[in-house]
Amino acid sequence: MLLIKKAVTIASKLLSSKKNAKSIGFVPTMGALHEGHISLINLSEQENDTTVCSIFINPTQFNDAIDFEKYPVTIEKDILLLLQNSADILFFPSVTEIYADGIQNLAHYNLGYIETILEGAHRPGHFQGVCQVVYRLLNIVQPDKIYVGQKDYQQYLIIKKLLQITGLKSTIVLSTTLREADGLAMSSRNMRLNNNDRKKAVSIFDTLLFIKHNYQNIDFQILKQQAVKKIMEAGFEKVDYAEIANAETLEPVNSLAKNLKLIALIAATINGVRLIDNILIN
Ligand code: AMP
């Protein structure tokens with residue numbers, strides 16, 4: 001595996017792949033890698049000649065300074081894990097490499113409705129930051145395919161929109177969420193949970209299953225209220241949302257409708273650690 005820190009170096013390395021019509025798969029991450037990230041790398045490996053993984057904790061997507069400060073950094077472990085899992089290139093740039101002109105006055109993307117709800121509503125500016133970094137990374141790597149996880153479903157829709165509005169040529173591939181044995185979605189933020197909170201954290205997934213099993217029998221408004229209650233009773237201090245939405249648009253849905261693909265999404269905080277998860281429910 002090559003470890004590359006400079007954009008010009010990775011671009012020139014990948015040029016020969018492009019000249020020889022070899023396909024490039026790209027897995028952007030913020031590090032603190034776990035099996036969920038590795039599943040994306042494995043999928044990219046299966047579908048492409050070359051797989052690039054990036055590790056970059058993007059400062060512009062953190063709306064909360066404490067969250068940024070406490071974001072786990074485990075680069076030595078990450079490199080070992082990548083070596084065991086045959087990524088071809090690790091791109092590990094510095095902040096100045098990505099934002100040569102600083103992080104003020106960056107481009108604003110017109111993302112429309114999708115940016116105004118759920119994560120967008122609770123983390124102002126977050127998706128602008130995601131677009132600012134993903135646009136730069138895609139321009140550097142120019143992959144045929146970019147691989148993302150369903151755990152960040154709204155981010156998937158945002159990147160899809162970014163590809164549309166910028167005309168970037170990559171195709172986005174959505175991959176399933178990897179879970180711990182009890183169902184908790186794997187996440188870099190899980191490292192910040194103490195043993196007690198780790199046990200309680202599974203109530204997010206349990207509640208998503210509760211919605212999935214009951215959406216045909218219980219009024220949606222009541223179901224959402226019951227979902228919030230369940231998570232609070234499990235010991236979370238805050239539920240930002242427990243929503244049932246149209247999986248194509250993320251517009252909230254308040255009653256059963258035929259032929260509508262539904263997704264349940266939850267964001268909740270336990271002991272200062274904010275976790276998100278979702279499942280498709282029909
Ligand atoms: P992050 O490092 O959290 O920014 O995530 C990098 C990529 O890994 C994103 O596309 C995430 O959606 C994806 N990802 C994170 N957790 C999981 C998981 N448990 N299963 C599958 N993909 C994941």
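A polar side-chain atom of H37 lies 2.9 Å from an oxygen atom of the ligand. The model is predicted, so read each distance here as computed from it. Two further polar pairs involve the protein backbone, and the table sets them beside the H37 pair.

| Residue | Atom of the residue | Atom of the ligand | Distance |
|---|---|---|---|
| H37 | polar side-chain atom | oxygen | 2.9 Å |
| G149 | polar backbone atom | oxygen | 3.0 Å |
| M186 | backbone N or O atom | nitrogen | 2.8 Å |

How much of the ligand does the protein bury? Taken alone, the ligand exposes 480 Å². The protein buries 93% of that area.

**The shell around the ligand**

There are 16 residues around the ligand. M30, H37, D152, L178 and M186 come nearest. Sorted by class, the shell has seven nonpolar residues, seven polar residues and two charged residues.

Which elements supply at least two residues of this shell? They are strand 2 (24-29), helix 2 (35-47) and strand 5 (145-149). Helix 2 gives the largest share, with three residues.

**The six-strand sheet**

Strand 2 and strand 5 also belong to a sheet. Six strands form this open sheet, in the order 1-4-3-2-5-6. Their pairing is parallel. In that order, strand 2 stands next to strand 5. The edge strands are strand 1 (2-4) and strand 6 (171-175). Each of these two pairs on one side only. From one strand to the next, the twist averages 25°.

Look at one edge in detail. Strand 1 runs parallel to strand 4 (residues 89-91), and three bridges join them. L2 has I89 in strand 4 as its bridge partner. Toward the other edge, helix 8 (residues 153-166) lies across strand 5 and strand 6. Helix 8 runs at about 170° to strand 6.

**The three-strand sheet**

Another open sheet has three strands, in the order 7-8-9. Here the pairing is antiparallel. Why is one side of strand 7 and of strand 9 left without a neighbour in the sheet? Strand 7 (238-246) and strand 9 (273-280) stand at the edges, and each has a single partner strand, so one side of each stays free of a neighbour in the sheet. The twist in this sheet averages 10° from one strand to the next.

Strand 7 pairs with strand 8 (residues 262-270) in the antiparallel sense, over eight bridges. N246 stands opposite L262 in strand 8. Helix 10 (residues 203-214) packs on this sheet. Helix 10 touches strand 7, strand 8 and strand 9. The direction of helix 10 makes about 30° with that of strand 9.

Key: Residues numbered from 1 in each chain as written. Predicted model: local features only at pLDDT ≥ 70, side-chain atom pairs only at ≥ 80, totals over all residues. Heavy atoms only, no water. Near = heavy atom within 4 Å. Polar contact = N/O pair within 3.5 Å; in protein donor to acceptor, adjacent residues only side chain to side chain. Areas by Shrake-Rupley, 256 points an atom, 1.4 Å probe, with all protein chains shown as cover. Helix = DSSP H or I, 4+ residues; strand = E, 2+ residues; numbered from the N terminus. Nonpolar A, V, L, I, M, F, W, Y, C, P; charged D, E, K, R; others polar. Pairing = 2+ DSSP bridges. Axes fitted to C-alpha atoms, helices over the stretch in contact; angles between N-to-C directions. Contact = heavy atoms within 4.5 Å.
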